[in-house]
Amino acid sequence: MQRFANPGRFLRLARAVYPWTAGLAVLCLAAGLWFAFVASPPDYQMGETVRIMYVHVPAAWMALFVYTNLAVAAAVLLVWKHPLAELAGRAMAPVGACFTALCLITGSLWGQPMWGTFWVWDARLTSVLVLFFLYLGYIALSNAFDDPTRGGKAAAILALVGVVNVPIIKFSVDWWNTLHQPASLTRLDAPAIHASMLVPLLLMAFGFTFYFVAVTLIRIRTEILARRLRALQFSQGASEVAAASPRQVSA
Amino acid sequence: MSGEHSLFIWLSYGVAAIVLVGLWLASQRALKGREAELERAEAALPRTRR
């Protein structure tokens, strides 16, 4: 694992892996959309609105999955001080924030026809909103310092503190009385969902996962190049100062 | 698909498409921008060292 944490080696690996993850994302999402709109039936209670589930539920899973990855990267940065972990965290946070925003927006659009309201301050919805603010806080904090390394460390501490919200979101529907329905797929017994609905749900979830990997690879590459550029500008600036200094002294 | 709630369904997928495609394009654009910037900085490097 340490071998691939070298930025140069990572760049080569990322360039090779990216087309595959991007292709798989497009394939899974195209198949998922076909199943979601054409091959899956309407729900006997929710009717056609059940189709919102195929984008809302995978977005919610990704919001939690990305945050867990962010917390792992934060732990690696703080314990082993590996610079690539900081860049990975910076790259992942906006992607996670987008998935969380999608989860909240599509949830509201599903809530209005089903519950009669866009929003209620129940445990599940509120804890997901807190997750969205944690992502925004991470992004703001990581960019709040002149020295990006200090910003990365401060944001990593926030990410680790905020990871306590992940089990709260997961179990909020069991611990509190909420309007939100309980888990129907990630139950210990058989999933309470028919195969005709499970297939598009899983295809969309795989599509979102490959999308996350593809976009994160692009963003980590961007972060590595930005650091190289910064180092180059710093060394150029230092050499210009060094070259200018003797002239200034002689003048 | 038509029905009394079709607006909510299309809005959900529309927002998802805009967010996901927008983020992908913005990330690609940022990468291309950084690559071009780095190329320019590296091209300028020998001149400053001379």
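**Exercise 1. Find the kink in helix α1 of chain A and name the proline that goes with it.**

Step 1. Work on the predicted model. Follow helix α1 of chain A through residues 7-39.
Step 2. Stop at A:V17. A kink of about 35° lies there.
Step 3. Read on a little. The proline A:P19 comes shortly after the kink.
Step 4. Now list the buried residues of α1(A). They are A:A14, A:T21, A:A25, A:C28, A:L29, A:G32, A:F35 and A:A36.
Step 5. Consider the spacing. An α-helix has 3.6 residues a turn, so residues three or four places apart point the same way.

**Exercise 2. Describe helix α3 of chain A: its span, its bend, its burial and what follows it.**

Step 1. Take the span. Helix α3 covers residues 83-115, 33 residues in total. From first C-alpha to last it reaches 46 Å, close to the 48 Å expected at 1.5 Å a residue.
Step 2. Look for a bend. The helix α3(A) bends by about 25° at A:M92. A proline, A:P94, follows within four residues.
Step 3. Check burial. Helix α3(A) is mostly covered, with 24 of its 33 residues buried.
Step 4. Go past the end. A:G116 follows α3(A), and its phi is positive, near 85°.

**Exercise 3. Decide whether A:F212 is buried or exposed, and place it among its contacts.**

Step 1. Locate the residue. A:F212 lies in helix α7 of chain A, residues 195-250.
Step 2. Count neighbours. A:F212 has 22 C-beta neighbours inside 10 Å. The cut-off for a buried residue is 20 or more. Therefore A:F212 counts as buried.
Step 3. List the contacts, leaving out residues up to four places away in sequence. A:F212 touches A:M62, A:V66 and A:V95.
Step 4. Compare with A:A30. A:F212 and A:A30 are 182 residues apart in sequence and 16 Å apart in space, C-alpha to C-alpha.

**Exercise 4. Identify the best-connected residues of the largest nonpolar core, then trace which elements build this core.**

Step 1. Start with the members. The core has 67 residues. Those touching the most other members are A:A59, A:A63, A:V66, A:L70, A:F99 and A:M204.
Step 2. Assign elements. In chain A, α1, α2 (53-80), α3, α4 (123-142), α5 (148-162) and α7 each give two or more residues. Helix α1 (6-49) of chain B does too.
Step 3. Find the main contributor. Helix α7(A) gives the most to this core, with 16 residues.
Step 4. Inspect one hub. Beyond its neighbours within four places in sequence, A:A63 is in contact with A:G96, A:F99, A:T100, A:C103, A:V128 and A:L131.

**Exercise 5. Set the two chains side by side and describe their contact.**

Step 1. Count elements. Chain A has seven helices and zero strands. Chain B has one helix and zero strands.
Step 2. Take burial. In chain A, 36% of the 251 residues are buried. In chain B, 12% of the 50 residues count as buried.
Step 3. Add the dimensions of chain A. Its C-alpha trace spans about 85 × 35 × 30 Å along the principal axes.
Step 4. Count the contact. Chain B supplies 25 residues and chain A supplies 33. The chain B side has 15 nonpolar, seven polar and three charged residues.
Step 5. Check confidence. The model scores ipTM 0.88 and pTM 0.90. Chain B has a mean pLDDT of 88, and 86% of its residues reach 70 or more.

Methods:
Residues numbered from 1 in each chain as written. Chains lettered and ligands numbered in written order. Predicted model: local features only at pLDDT ≥ 70, side-chain atom pairs only at ≥ 80, totals over all residues. pLDDT = per-residue confidence, 0-100. Contact = placed C-beta atoms within 7 Å. Nonpolar A, V, L, I, M, F, W, Y, C, P; charged D, E, K, R; others polar. Bend = angle between axes of the 7 residues up to and from the residue. Expected span 1.5 Å × (residues − 1). Core = buried A, V, L, I, M, F, W, Y, C linked by C-beta atoms within 7 Å.
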